[in-house]
Amino acid sequence: MIVRTLCASLALAFSAAVIAQTTAPKPPFTVKIIGFNDYHGNLETPGTFGANTLVPTASRPAVGGAEYMAAYVARMKASNPLNVVVGAGDFIGATPLISALFFDEPAVETLNQIGVEFNAVGNHEFDKGKTELKRLQSGGCKFTGNVQEANSCRGFGSATPGTFDGAKFTWLSANVVETATSKPLLPAYGVKTFNGVKVAFIGMTLKGTPGIVTPAGVAGLSFQDEADTVNALIPRLRAQGIESIVVLLHQGGFQNQVTGVSNQAITSDINGCTGDLKNTDGTDSDLRAIVKRLDNAVDLVISGHTHAAYNCSANTIDVRGTSLSNAVTTARTAGLPNKAGRLVPVTSSSAFGRVLTEVDVTINPTTRDIVAVSPRNVLVDRTDAAINNAIAAHPEVKNVVNAYKAAASPLANAVIASITAPMNNAANTAGEMEAGDLIADAQLAATQPTSLGGAVIAFMNAGGVRSPGFVNGTNAYPYDLTYGNAFTTQPFGNSLVTLTLTAQQIKDVLEQQFIGCNGQTANRIMQISNGLKYTWNSAGTCGTRITEVTLTPTDVTVTPPVVTGPTEVLVLGGVVHSPAKTYRVTVNNFMATGGDGFGVFVGGAAQLGGAQDIDALTAYLTGFKSPNPAYNPASAVLAKPRITRQ
């Protein structure tokens, strides 16, 4: 009896020990999240970049390139087997020739090799419409009608030459809904499990996408509120036992000098969050306003769109000053407040593969929640010896880049013109760009003949004039401009549209350039063609900013351009003369359908389609190819300045 009792006691004690052992709390563990945004098919280096603006130009290393991104990602992943690579949109669209010539298949193939698993859709994912986006996701060659495009399915980065695998990562579109089905176009979120704990990644783009993409690109789609979309998904995720939640959002902000906060110059350090992503006047940026409405369940926001680098987290440093010698660095906790007032880490990694965001998150396996977040922005430095050794040992991605570069080089290297000075896409205080003037003139030249539209004015959206414009990286001039240079500045493949506007509509669309005027969401100064001039008053309000508009008829189809008639006053003292008089005006199809908030163009009459923008540009530049004189942006016949700010 005593023996039985003893055995029973020992059994109970052993069972209790086993139960205690199995229910003991598991220790927290760390997962590495590697993020980036706005790749835009930059298979090759976009140039040099510094950790902040105080780094002298000569000391900024060359950065980026697909093989370098892959090597940096591999090194980060090697430090923690629990990892995931994610993106915040605009991985395709507005791409260099090396990707765009092949329908952005090279961008997707290199992203596969970099190891991306989830990517939010950005506005540029819709440049060619939802059908083309789905093809890039699922694979297969591009056809026009029943004919396969010759530059599709080169397959240098796919499993078999002559094929295209499609994306091995998943595009996420939580707030992009197909109106016909009321369902998301693509999955709303992706889930990856680490040590038995599920982590969700919700992906989406800015709700304002329809205003910055050609309507054909977003036909049949609805873009929902970002914060409302996330908050509605939280109960669904929690029902699956998911408490660790990351938002991949294609919307962004900037580090700003906020009025009244400090008089020290900011330096936009890649790990800074100066101004807490507020606008200069202290109001919330679009991104900050979204984060402020997010459910407390969201642990991290990886953002994009603005091409800015910032790290709003416990690792944030404010770097202020005008030189390295007087810079003041201040470490601080600087997440952005959410709906509950908790500071949530928010990051962005610039653009074009310049920077990667390395985030270590600590997860409590018992609560399944992220309990700590530690982000760090890292330059993709091409001078790193260890990285170069890694690429030499594993050149697979480099080989893909080289193959596409070789395939594109005959076209890319063709000289189309000579220029006497740089023409970048930086605007002056009035909003005028040297590169923008040239593009507007080229589009007018392509549509000025009566049979091609009979245009007398051309407008070009500033956002479509891409960096760096028409420049020589060595800063030596005269410079032989190549097709590749021109394509870098005009990569969209938009077509020209000539339409009829009244003088009143011209005044109205010029007014519509300014934020808050007739639905405009940002200041967007259009570039204008030779012969048109106008003055705007920065102190004015909607309807009163444009004070003077004149048109001097000018034939830009000849070199040099020739004035063909007397100057006509369209607006004087803010009053439109002959408001019903009509003019033929050329824009690209993006603008003609209301892109960038220019709804006035939608009302244009007698629309006539024209050439692609890049074809118009290269045809115009041919007139400045040797033995003809080089293009001189300072020439008096170009009638600059065309825009004056009061």
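The predicted model exposes about 25,600 Å² of surface, and carbon and sulfur atoms supply 56% of that area. Turning from the outside to the inside, 52% of the 646 residues count as buried. Charge is spread over 44 positive and 45 negative groups, and the mean positions of these two sets lie 6 Å apart.

As for the overall build, the chain holds 14 helices and 37 strands. Its radius of gyration comes out at 27 Å, close to the 26 Å that the globule rule gives for 646 residues, so the chain is as compact as a globular protein of that length. Along the principal axes, the C-alpha atoms fill a box of roughly 120 × 60 × 55 Å. Contacts reach a long way along the sequence: taking those between residues at least 6 apart, 75% join residues at least 24 apart.

Next comes the interior. In soluble globular proteins, nonpolar side chains tend to be buried together. Here the largest nonpolar core has 50 residues, and within this core F36, Y39, F126 and W171 touch the most other members. Several elements each put in at least two residues, namely β1 (29-36), α2 (66-78), α4 (105-114), α5 (130-138), β13 (221-223), α8 (385-393) and α9 (396-412). The biggest giver is α2, with 8 residues. W171 shows what such a position looks like up close: once neighbours within four places in sequence are set aside, W171 is in contact with I92, V108, N119, A120, V121, E125, L133, L136, Q137, L186 and P187. Apart from this core lies another one, of 33 residues, whose members include F459, V509, M526 and V549.

One of the helices feeding the largest core, α4, deserves a closer look. Of its 10 residues, 9 are buried, so α4 is largely enclosed by the rest of the structure. The buried ones are E105, P106, A107, V108, E109, T110, L111, N112 and I114, a list that takes in V108, one of the contacts of W171. The cover over these buried residues includes β1, α2, α3 (97-100), α5, β8 (170-172) and α9. Right after the helix sits G115, with a positive phi near 105°.

Within α4, N112 makes a handy example of a polar residue. N112 has a relative accessible area of 13%, which is under the 20% cut-off, so this residue counts as buried. Leaving out residues up to four places away in sequence, N112 touches G166, A167, K168 and F169. N424, by contrast, is 312 residues from N112 in sequence, and the two C-alpha atoms are 33 Å apart in space.

The far end of the numbering offers another example. R645 belongs to strand β37 (residues 643-645). Its relative accessibility is 43%, so R645 counts as partly exposed, falling between the 20% and 50% limits. Beyond residues up to four places away in sequence, R645 touches T429, A430, W536 and S538. A159 is 486 residues from R645 along the chain, and their C-alpha atoms are separated by 56 Å.

A few backbone oddities round things off. A cis peptide bond joins S467 and P468, with omega at about 5°, and P468 sits in the loop between β25 (457-460) and β26 (479-482). The bond from S626 to P627 is also cis, with omega near 15°; P627 is placed in the loop between α14 (613-621) and β37. Positive phi values turn up outside glycine as well. H40 has phi near 50° and is found in the loop between β1 and β2 (47-48). L277 has phi near 60°, and its place is in the loop between β14 (244-250) and α7 (286-291). Both loop residues are tucked away from the surface: H40 is buried with a relative accessible area of 0%, and L277 is buried with a relative accessible area of 0% too.

Key:
Residues numbered from 1 in each chain as written. Predicted model: local features only at pLDDT ≥ 70, side-chain atom pairs only at ≥ 80, totals over all residues. Heavy atoms only, no water. Helix = DSSP H or I, 4+ residues; strand = E, 2+ residues; numbered from the N terminus. Rg over C-alpha atoms; globule rule 2.2 N^0.38 Å. Buried < 20%, exposed > 50% of the residue type's maximum accessible area, 1.4 Å probe, protein only. Contact = heavy atoms within 4.5 Å. Areas by Shrake-Rupley, 256 points an atom, 1.4 Å probe, with all protein chains shown as cover. Lys, Arg positive; Asp, Glu negative; His and termini not counted. Charge placed at Lys NZ, Arg CZ, Asp CG, Glu CD. Core = buried A, V, L, I, M, F, W, Y, C linked by side-chain atoms within 4.5 Å.
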